[in-house]
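User: I'm new to reading protein models. Could you take me through this one and explain the terms as we go?

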Amino acid sequence: MKIDPSSPIVVLTGAGISAESGLATFRDQGGLWEGHSIEDVATPEGFHNNPDLVLDFYNMRRREAARATPNAAHNALAALENAWDGDFLLITQNVDNLHEKAGSKKLLHMHGRLDSALCYECGSHQHWEGDLDRDCFCSSCSRPSLRPDIVWFGEMPYDMDVIEDALGKAALFVAIGTSGTVYPAAGFVAAATSAGARAVEINLEATGNSLFGECLTGTASTTVPAFVSALIGRKP
Ligand code: APR
């Protein structure tokens with residue numbers, strides 16, 4: 001892959017980049033959505049109907065994410081960010097902090113993050129590491145009104161203005177480990193390519209979206225370092 005090193009790159013990651021770090025994806029065999037109904041654990045209505053079920057679901061995922069370590073794909077993306085002269089933005093749909101653990105800084109969590117709690121009374125976001133339950137208090141308004149800081153179905157993802165601006169300026173858009181089934185992230189490749197970007201998909205298998213001019217298949221921990229090496233001309 002040859003591209004001018006001063007040109008802007010936007011990378012989108014999904015659950016597949018964290019699979020080799022031991023975190024379940026959503027729609028693969030045995031994925032999170034096989035064991036839980038999206039309506040029950042990933043909607044505001046589900047939280048309203050059974051807050052303890054939802055809090056427990058994210059407590060389990062928070063504990064697993066805290067134990068997980070970045071794999072070579074996360075590390076390669078951090079190396080790409082450091083080596084790249086042009087603008088670089090990493091957008092993740094993931095709520096784990098493996099990109100941060102790998103050293104990524106130019107990073108947006110469009111679906112929220114497990115290591116944060118959101119107060120549904122005052123709207124404040126606060127770093128959160130342990131279990132979250134109904135009698136945990138908001139550090140801003142002191143009310144017992146904290147929920148997981150996760151963007152649920154039917155809610156607006158974070159930072160969409162910054163994301164749309166970056167997609168309109170990208171020369172290269174790379175989607176890694178995502179099934180491309182959930183909007184608005186699934187529409188990012190169309191936004192980037194209609195503004196003139198080249199688009200590359202990196203996945204276990206091609207999702208079949210013809211807007212991607214190139215598809216690298218294989219596990220992220222092998223394909224992403226190879227892709228980054230080709231971009232920066234050295235091992236990441
Ligand atoms: N290497 C590369 N790709 C992989 C690997 C791997 N080791 N393992 C799985 N994949 C790919 C799968 O082929 C699939 O295309 O990762 C993708 C995972 O797809 P999903 O489980 O649908 O995860 P994602 O695309 O991130 O889901 C998007 O849906 O449920 C919501 O909010 C949730 O952010 C999530 C969104």
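User: Why is β5-β4-β6 called an open sheet, and why do β5 and β6 stand at the edges?

Analyst: In this predicted model, three strands pair in the antiparallel sense in the order β5-β4-β6. A strand is a DSSP run of E with at least two residues, and elements are numbered from the N terminus; two strands pair if DSSP finds at least two bridges between them. β5 (125-127) and β6 (146-150) each have a single partner strand, so one side of each is left without a neighbour in the sheet. Neighbouring strands are turned by 45° against each other on average, direction ignored.

User: How do you know that β4 and β6 pair?

Analyst: DSSP needs at least two bridges, and β4 (residues 112-119) and β6 have four, in the antiparallel sense. Cys-119 stands opposite Leu-146 in β6.

User: What makes α4 a helix that packs on the sheet?

Analyst: A helix is a DSSP run of H or I with at least four residues, and α4 covers residues 51-67. α4 touches β4 and β6, where contact means heavy atoms within 4.5 Å. The direction of α4 makes about 140° with that of β4; axes are lines fitted to C-alpha atoms, for helices over the stretch in contact, and angles run from 0 to 180 degrees between N-to-C directions.

User: Which values should I keep in mind about the model itself?

Analyst: Local features need pLDDT of at least 70, side-chain atom pairs count only at pLDDT 80 or more, and totals for chains, interfaces and linings use all residues. Residues are numbered from 1 along each chain as its sequence is written, and side-chain values use heavy atoms, leaving out hydrogens and water.
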